[in-house]
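Visitor: I would like to go through the ligand site and the empty spaces of this model. Please keep to what can be computed from the atoms.

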Amino acid sequence: MIANLLKDKVVLITGASSGIGKQTAVFFSQQGAKVIVTGRNQERLADTVSQLQGDKHFSLCSNLDSADDVEQLIKTAVTQMGPIDGVVHCAGVQKTLPLKVLKENHFDDIFNANVKSAQFLAKSISRKGRFNPQGSSLIFLSSVAAICGEPAISTYAASKAALQGLSKSLALELARLKVRVNCIAPGHVQTEMAKEFSQQLTSEQYMAIADKHPLGLGTPEDIAHAAAFLTSDMARWVTGTTLYVDGGYSAH
Ligand SMILES: NC(=O)c1ccc[n+]([C@@H]2O[C@H](COP(=O)([O-])OP(=O)(O)OC[C@H]3O[C@@H](n4cnc5c(N)ncnc54)[C@H](OP(=O)(O)O)[C@@H]3O)[C@@H](O)[C@H]2O)c1
């Protein structure tokens with residue numbers, strides 16, 4: 001593996017109090033990045049900070065459901081660390097909601113956390129002086145659910161498909177600013193979110209999902225590695241695309 005792939009890059013990682021975001025923060029710090037970690041749970045965020053390599057990092061508690069809070073987060077992050085080289089937007093929620101139990105507020109909650117947050121992160125970060133004019137990267141965490149149906153997760157699937165549409169249009173709009181915008185679409189990765197999801201399935205249903213991954217289930221490290229590539233200068237010509245990191249799930 002290349003060492004110091006992200007040397008001195010300032011990277012904001014959302015959802016860093018858990019799962020994929022937490023592991024991405026740890027890996028990025030090992031690769032030389034200065035990371036700003038954000039999440040809602042202060043205690044879990046402090047645990048992430050304690051695992052980071054180096055000492056130029058800091059954490060900010062923030063709820064990304066509101067555009068005002070997103071703007072405040074970016075403003076504070078830039079004031080503390082200077083222009084940002086990358087954002088890995090891992091914050092998100094997944095709920096199993098068959099149509100018969102789905103309510104309007106479920107839809108709003110999922111779209112606010114998963115899609116509105118991404119849209120307003122892009123808006124706030126793209127203001128002058130907030131990103132590195134030599135080139136910067138925005139990554140949204142989509143999902144294989146965007147293109148492969150599973151019952152009872154239609155709202156979540158729609159929100160993850162929305163991120164792919166969002167990233168393509170933003171890639172075109174922000175190319176002149178040298179801001180690249182991409183998605184990573186993971187398959188089933190063993191995290192808190194995946195644990196909650198699997199607890200709602202029978203063991204047969206869970207095995208059926210596991211069996212759809214020819215290379216087995218994923219780990220948060222698998223996603224962190226893909227995010228490091230997309231954030232690095234090696235991906236300088238990559239924008240408007242989705243990288244499927246799913247052990248072959250979407251190849252079916
Ligand atoms: N795990 C999988 O199998 C899988 C598969 C495909 C896609 N993904 C996507 O990958 C991303 C990370 O998933 P994960 O498995 O690591 O999930 P996770 O372990 O449940 O972590 C979710 C993170 O999002 C944060 N978050 C949720 N709502 C938020 C809000 N309104 N404002 C700010 N932060 C918020 C949580 O913060 P607090 O804990 O501090 O509240 C937590 O840090 C998600 O977007 C998910 O949809 C995951």
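The turns below cover a predicted model, beginning with the ligand and moving on to pockets and a cavity.

Visitor: In which pocket does the ligand sit?
Guide: A molecule is assigned to a pocket if more than half of its atoms lie within 2 Å of the grid points of that pocket. By that test the ligand sits in the largest pocket.

Visitor: What is the volume of the largest pocket, and which residues are closest to its centre?
Guide: The largest pocket has a volume of about 1,200 Å³. It is lined by 47 residues. Closest to the centre are Cys90, Gly92, Val93, Gln94 and Met193.

Visitor: Which element gives the largest share of the lining of the largest pocket?
Guide: Two or more lining residues come from each of helix H1, strand E2 (34-39), helix H4 (104-125), helix H5 and helix H6. By class, the lining divides into 19 nonpolar, 19 polar and nine charged residues. The largest share is five residues, and the element that gives it is H6.

Visitor: How many residues surround the ligand, and which are the closest?
Guide: The shell consists of residues with a heavy atom within 4 Å of the ligand. There are 30 of these residues. The closest are Ser17, Ser18, Arg44, Tyr156 and Thr191.

Visitor: Which helices supply at least two residues of the shell around the ligand?
Guide: The shell has eleven nonpolar, 14 polar and five charged residues. The helices that each supply at least two of its residues are H1 (19-30), H5 (154-174) and H6 (192-199).

Visitor: Which residue has a polar backbone atom 2.8 Å from an oxygen atom of the ligand?
Guide: Polar contacts are pairs of N or O atoms within 3.5 Å. On the nitrogen side, one ligand nitrogen atom is 3.1 Å from an N or O atom in the side chain of asparagine 63, and a ligand nitrogen atom is 2.9 Å from a polar backbone atom of leucine 64. For the ligand oxygen atom at 2.8 Å, the backbone partner belongs to valine 189.

Visitor: How much of the area that the ligand exposes when taken alone does the protein bury?
Guide: Taken alone, the ligand exposes 910 Å². The share of that area buried by the protein is 93%.

Visitor: Which residues lie nearest the centre of the second largest pocket?
Guide: The second largest pocket holds about 320 Å³ of space, and strands E5 and E6 (179-186) each give at least two residues to its lining. Its lining divides into four nonpolar, seven polar and six charged residues. Of the 17 lining residues, those nearest the centre are Gln134, Gly135, Lys178, Arg180 and Arg236.

Visitor: How much space lies in the largest cavity?
Guide: A cavity is a set of points where a 1.4 Å probe fits but cannot get out. The count comes to one cavity of 30 Å³ or more. The space in the largest cavity is about 40 Å³.

Visitor: Which strand gives the largest share of the lining of the largest cavity?
Guide: The lining includes Ile84, Asp85, Phe131 and Val179, and it divides into six nonpolar, three polar and one charged residue. Strands E4 (86-89) and E5 (136-141) each supply at least two lining residues. The largest share, three residues, comes from E5.

Conventions. Residues numbered from 1 in each chain as written. Predicted model: local features only at pLDDT ≥ 70, side-chain atom pairs only at ≥ 80, totals over all residues. Heavy atoms only, no water. Polar contact = N/O pair within 3.5 Å; in protein donor to acceptor, adjacent residues only side chain to side chain. Areas by Shrake-Rupley, 256 points an atom, 1.4 Å probe, with all protein chains shown as cover. 1 Å grid on protein atoms, 1.4 Å probe; cavity = no way out; pocket = protein on both sides within 12 Å on 5 of 7 lines; lining within 4 Å. Helix = DSSP H or I, 4+ residues; strand = E, 2+ residues; numbered from the N terminus. Nonpolar A, V, L, I, M, F, W, Y, C, P; charged D, E, K, R; others polar. Points joined across faces, edges and corners; volume = space filled by probe spheres on them.
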